[in-house]
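Thank you all for making time this morning. I would like to walk you through one structure, going from its general layout to a few side chains, and I will try to be careful about what can be said of each.

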Amino acid sequence: MKIKNFVMLAGMAGLLAACCSSIVEPADLNNQRVFFGFNSSEITKDAKNSLLGQSLYMKHHEGTKIQIAGNCDERGSTEYNLALGARRANAAKSVLVKDGISSKRISTISYGKERPLAQGTGEKVWKLNRNATTTVK
């Protein structure tokens with residue numbers, strides 16, 4: 001009897017986790033962005049959930065190919081930011097590949113600090129420019 005109750009509780013916990021998941025499939029992949037901390041290419045929980053949503057989209061649209069562009073804020077040298085942007089794009093790609101998306105469907109590029117999303121200086125602007133942006137190819 002105890003095992004039966006345990007199995008039932010485990011099943012209910014699984015349903016609860018599934019219904020409360022923050023993974024949402026976007027309607028379109030163009031200009032989907034995940035954001036990064038200063039000098040970081042670490043994928044946050046929010047970024048991972050967003051990328052897993054993108055993965056769902058790609059699973060439902062098997063012919064879709066994407067490009068992920070790594071971007072940085074204005075601080076740091078051009079060379080440093082190009083390398084950091086590449087790490088960010090590749091970190092985002094890695095989440096998709098680990099979730100079953102073929103790496104052949106995903107290209108990456110780094111724009112470093114050359115294509116800011118927002119103009120200006122200060123943390124409010126910089127945090128927007130530290131991103132990986134997905135576009136459909």
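Let me begin with a definition, since I will lean on these words throughout: a residue is called buried when its relative accessible area is under 20%, exposed when that area is over 50%, and partly exposed in between. Please also keep in mind that what you are looking at is a predicted model.

With that definition in hand, take R75, which has a relative accessible area of 26% and is therefore partly exposed, because that value falls between the two limits. I will come back to R75 shortly, but the overall layout should come before it.

The protein has four helices and four strands, and if you follow the chain from the N terminus, these elements run α-β-α-β-α-β-α-β. Of the 137 residues in the protein, 35% are buried, and the accessible surface comes to about 8,200 Å², with 58% of it belonging to carbon and sulfur atoms. If we consider contacts between residues at least 6 apart in sequence, 77% of them join residues that are at least 24 apart.

Now to the charged side chains, where the count comes to five salt bridges. One of them joins D99 and K59, with 3.0 Å from N to O. This pair links distant parts of the chain, since D99 belongs to the loop between helix 3 and strand 3 while K59 is in helix 2, and the two are 40 residues apart. Both partners are partly exposed, D99 at 28% relative accessibility and K59 at 37%.

Which residues are linked in a network of salt bridges? They are D73, R75, E123 and R130, and this is where R75 returns to the story. The side chains of E123 and R75 meet at 3.9 Å, N to O, and this pair, too, links distant parts of the chain, with E123 in helix 4, R75 in the loop between strand 2 and helix 3, and their positions 48 residues apart in sequence. E123 also forms a salt bridge with R130, where the closest N and O atoms are 2.6 Å apart. As for accessibility, E123 is partly exposed at 39%, whereas R130, at 5%, is buried.

R75 has a further partner, an aromatic one, in that it lies over the face of W126, at 3.7 Å from the ring centre. A second arrangement of this kind involves R115, whose charged end sits over the ring of Y111, 3.9 Å from its centre. Rings paired with other rings are another matter, for a search of the whole structure finds zero aromatic pairs.

Turning to the surface, F35, L117 and L128 make a nonpolar patch of about 230 Å². Of these residues, L117 lies in the loop between strand 3 and helix 4, and with a relative accessible area of 40% L117 is partly exposed.

Next, a word on the backbone. Most residues other than glycine have a negative phi, so two asparagines deserve a look. N31, in the loop between helix 1 and strand 1, has a positive phi near 65°, and N39, in the loop between strand 1 and helix 2, has a positive phi of about 55°. N31 is partly exposed at 45% relative accessibility, and N39 is likewise partly exposed, at 41%.

Is a third asparagine, N49, buried or exposed? N49 has 13% relative accessibility and therefore counts as buried; it is placed in helix 2, which covers residues 45–60, and, when residues up to four places away in sequence are not counted, N49 touches S22 and I23.

Let me finish with K137, in the segment after strand 4, which at 61% relative accessibility counts as exposed. Leaving aside neighbours within four places in sequence, K137 is in contact with K65, I66 and Q67. K137 and N30 are 107 residues apart in sequence, and their C-alpha atoms are 9.2 Å apart in space.

Notes:
Residues numbered from 1 in each chain as written. Predicted model: local features only at pLDDT ≥ 70, side-chain atom pairs only at ≥ 80, totals over all residues. Heavy atoms only, no water. Buried < 20%, exposed > 50% of the residue type's maximum accessible area, 1.4 Å probe, protein only. Contact = heavy atoms within 4.5 Å. Patch = residues over 30% accessible without salt bridge, like charges linked within 9 Å, V, L, I, M, F, W, Y side chains within 5 Å. Areas by Shrake-Rupley, 256 points an atom, 1.4 Å probe, with all protein chains shown as cover. Salt bridge = Lys/Arg side-chain N within 4 Å of Asp/Glu carboxyl O. Phe/Tyr/Trp six-rings, centres within 6.5 Å; stacked < 30°, edge-to-face > 60°. Lys NZ or Arg CZ within 6 Å of the ring centre and 35° of its normal.
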